[in-house]
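Student: Please pick one part of this model and go through it closely, pair by pair where you can. After that, relate it to the rest of the chain.

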Amino acid sequence: NLLKVRHRLARLKVIDQHEVPSLNPVPPTAGTESAVSQPNLVTKIEFVEINGNGEPIGEPKQFDIVGDMVYVDYLRVTFDDKYVEQSDLDRSTSLALFQRIFGEHQEPANGFQLDTVGTRPTAYGRGTQVSDFEKKIWDDFWLIANDPTKAEQMGIRGANGDAVSIRVRPEKTYEIDLRATGDMTIKPVEATEPAAAPAPVPTSAPPTIPSASGS
């Protein structure tokens, strides 16, 4: 079912997580340690966009997030299901443009910039020429979002902002996926370990030749 096809878009890796001195520390309420984000916690995140094989696209970026609840907001364009089902050249999958990454204790407006409106998302820049259709969508995103007639003419079912979030843990890695219908998810993944080198094959020592004894 093409509507269930997912595209891997980005990977987040927790590089470091530690407490910092705070003038107004807020101790977690008993029994809610795992449910309440700590404002005096700083999480260093590495963010990199990836292709369908999980290979990095572009240079990884590192950010210091306040707290352990990480939000990634983005612009999303979804198309009518019939175009997805027909594998339409321009509208066979939803599109997403990452905007910002920030923590629960940071204002979204002060979040760290990821992609920029008016440019093609890195995860779609696979060395191919961006189509005029797609370029028009990103150039006129908010005009289309506010004009139902224009959106309908372009086969667009929805154009809006959204966000995914997750409470991250030290030394864990997470991936962001986008379904053809526009649903975006973030989930932990097992870090890929390098393949272990094969054990060396023992070699037999040459036989010892006894020395001749003198008479």
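Tutor: R76 stands opposite N160 in strand 7. The model is a predicted one, and this pair is a convenient place to enter it. Strand 4 covers residues 69-79 and is joined to strand 7 by eleven bridges. The two strands run antiparallel.

The sheet around this pair comes next. Strand 4 and strand 7 belong to an open sheet of four strands, in the order 6-5-4-7 and with antiparallel pairing. Strand 6 (112-113) and strand 7 (156-167) are the edge strands; each has a single partner strand, so one side of each lacks a neighbour in the sheet. As for the side chains, those of a regular strand alternate between the two faces of the sheet.

One face of the story concerns helix 2. Helix 2 spans residues 132-139, and its buried residues are F133, E134, I137 and W138. These four cover an arc of only 130 degrees around the axis, which puts them on the same side of helix 2. Among the elements they pack against are strand 4, strand 5 and strand 7 of the sheet. Helix 3 (141-145) is also one of their packing partners.

K136 of the same stretch takes part in a salt bridge: its side chain meets that of D140, at 3.0 Å from N to O. Neither end of this bridge is classed as buried, because the cut-off is under 20% relative accessible area. K136 has 37% relative accessibility and is partly exposed, and D140, at 22%, is partly exposed as well.

A further helix can be placed relative to the end of strand 4. E152 lies in helix 4, residues 148-153. Its C-alpha is 9.3 Å from that of F79, although 73 residues separate E152 and F79 in sequence. The relative accessibility of E152 is 61%, so this residue counts as exposed.

Now the charged pairs at the sheet. E104 forms a salt bridge with R167, the closest N and O atoms being 3.9 Å apart. E104 lies in the loop between strand 5 (95-103) and strand 6, whereas R167 lies in strand 7, so the bridge ties together parts that are 63 residues apart in sequence. At 3.9 Å the distance falls within the 4 Å limit for a salt bridge. E104 has a relative accessible area of 36% and is partly exposed. The pair is not isolated: D68, E104, R167 and R169 are linked in a network of salt bridges.

Another salt bridge involves strands outside that sheet. R11 is in strand 1, which covers residues 6-19. R11 forms a salt bridge with E175, and their closest N and O atoms are 3.3 Å apart. Since E175 sits in strand 8 (residues 173-179) and R11 in strand 1, the pair ties together parts that are 164 residues apart in sequence. E175 is buried, with a relative accessible area of 7%.

The side chain of R11 also reaches the backbone oxygen of G54, at 2.8 Å. Leaving aside residues up to four places away in sequence, R11 touches E46, F47, V48, I50, G54, T173, Y174 and E175.

G54 leads to a hairpin. Strand 2 (residues 41-50) and strand 3 (residues 56-66) pair in the antiparallel sense over eight bridges. One of the partner pairs here is I45 with F63 of strand 3. The hairpin has five residues between its strands, and within it G54 takes a positive phi near 80 degrees.

Finally, the whole chain. The protein has four helices and nine strands, in the sequence pattern β-β-β-β-α-β-β-α-α-α-β-β-β. It holds ten salt bridges, among them R11 with E175, E104 with R167 and K136 with D140. Of its 215 residues, 37% count as buried. Among contacts between residues at least 6 apart in sequence, 66% join residues at least 24 apart. The protein exposes about 12,900 Å², of which carbon and sulfur atoms supply 51%.

Note on methods: Residues are numbered from 1 along each chain as its sequence is written. This is a predicted model: local features need pLDDT of at least 70, side-chain atom pairs count only at pLDDT 80 or more; totals for chains, interfaces and linings use all residues. Side-chain values use heavy atoms; hydrogens and water are left out. Two strands pair if DSSP finds at least two bridges between them. A polar contact is a pair of N or O atoms within 3.5 Å; within protein, one must be able to donate a hydrogen and the other to accept it, and residues adjacent in sequence count only if both atoms are side-chain atoms. Contact means heavy atoms within 4.5 Å. Buried means under 20% relative accessible area, exposed over 50%, partly exposed in between (1.4 Å probe, protein chains only). The arc is that of the directions from the helix axis to the C-beta atoms. Accessible areas come from the Shrake-Rupley method with a 1.4 Å probe; for residues, only the protein chains shown count as cover.
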